[in-house]
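Dear colleague,

Please find below the structure I am handing over to you. A short account of what was found in it follows.

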Amino acid sequence: MVRAERPGSRRREPDEGEAVSTERTDSELLLASRADPDAFTELYRRHAEDLLRYFARRTLDPEAAAELTAETFAQAFASRATYSDTGANGVAWLYGVARHQLGRFFRNGRVDSASRRRLGMPERPLPPEDYERIEDLVDFAPIKDALVEALETLSSDQREALKLHVISGLAYPEVAKRLACTEDNARQRVSRGLRRLAIVLQERGVRAVTEVEA
């Protein structure tokens with residue numbers, strides 16, 4: 001990943017014979033995207049996976065993480081004209097938008113879709129393969145004890161699904177078999193349960209991650 005320049009910093013002139021990078025910084029992409037939407041597409045490609053991981057480790061829920069990532073980029077695109085490189089650098093500004101979205105999620109218990117609606121972005125269900133890929137980004141180990149305790153706050157169907165999948169580590173086909181439901185239904189129970197657990201843990205001051213935030 002290309003590191004964005006600090007505001008006000010100057011680029012070092014390349015030495016003779018040294019290769020010159022033509023890749024634009026995050027700040028340059030944001031500024032250029034006002035007139036050239038393709039520049040924002042490049043910003044998305046550069047940071048989408050990292051933002052997805054950021055949300056997955058905080059919400060615990062793949063569906064919420066995917067929705068928050070989409071809403072963050074939608075809001076950033078809609079408000080890109082307000083960005084100025086005299087303030088935060090490009091990626092810091094983007095994560096500021098992300099933290100705002102995450103705060104609203106924890107306060108309201110749901111993902112806001114206002115920016116996506118304004119841009120006419122359709123809401124699509126998360127495919128099973130994407131769900132499981134995002135789920136792999138979550139590390140439950142640091143919060144396993146708190147997770148077990150917080151399970152008691154869930155409905156019985158969500159609690160049993162989470163015990164089978166997260167605690168016992170069973171794959172969704174086996175979870176569905178144990179619960180006598182479809183795989184889609186089992187995945188939905190786990191998703192809704194994880195979303196609720198993330199909010200409960202947030203209220204109790206339990207952090208799902210310890211790494212330094214962007």
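**The largest pocket**

The lining of the largest pocket is made up of 19 nonpolar, 3 polar and 11 charged residues. Here nonpolar means Ala, Val, Leu, Ile, Met, Phe, Trp, Tyr, Cys and Pro, charged means Asp, Glu, Lys and Arg, and polar the others, Gly among them. A pocket is an open set of points on a 1 Å grid over the protein atoms alone where a 1.4 Å probe fits, with protein on both sides within 12 Å along at least five of seven lines; lining residues have an atom within 4 Å of a point.

This is a predicted model, in which local features need pLDDT of at least 70 and side-chain atom pairs pLDDT 80 or more, while totals for chains, interfaces and linings use all residues. Residues are numbered from 1 along each chain as its sequence is written, and side-chain values use heavy atoms, without hydrogens and water.

Helix 3 gives the largest share of the pocket's lining, 8 residues. Helices are DSSP runs of H or I with at least four residues, numbered from the N terminus.

**Ser113**

Ser113 lies in the loop between helix 4 (90-108) and helix 5 (114-118). Ser113 counts as buried because its relative accessibility is 9%, where buried means under 20% relative accessible area (1.4 Å probe, protein chains only). Leaving aside neighbours within four places in sequence, Ser113 is in contact with Glu71 and Glu123, contact meaning heavy atoms within 4.5 Å.

**Helix 8**

Buried residues of helix 8 (156-167) include Leu162 and His165. Their cover includes helix 6 (128-135) and helix 10 (183-203). Just after helix 8, Gly169 has a positive phi of about 75 degrees.

With kind regards

Technical notes
Helix = DSSP H or I, 4+ residues; strand = E, 2+ residues; numbered from the N terminus. Buried < 20%, exposed > 50% of the residue type's maximum accessible area, 1.4 Å probe, protein only.
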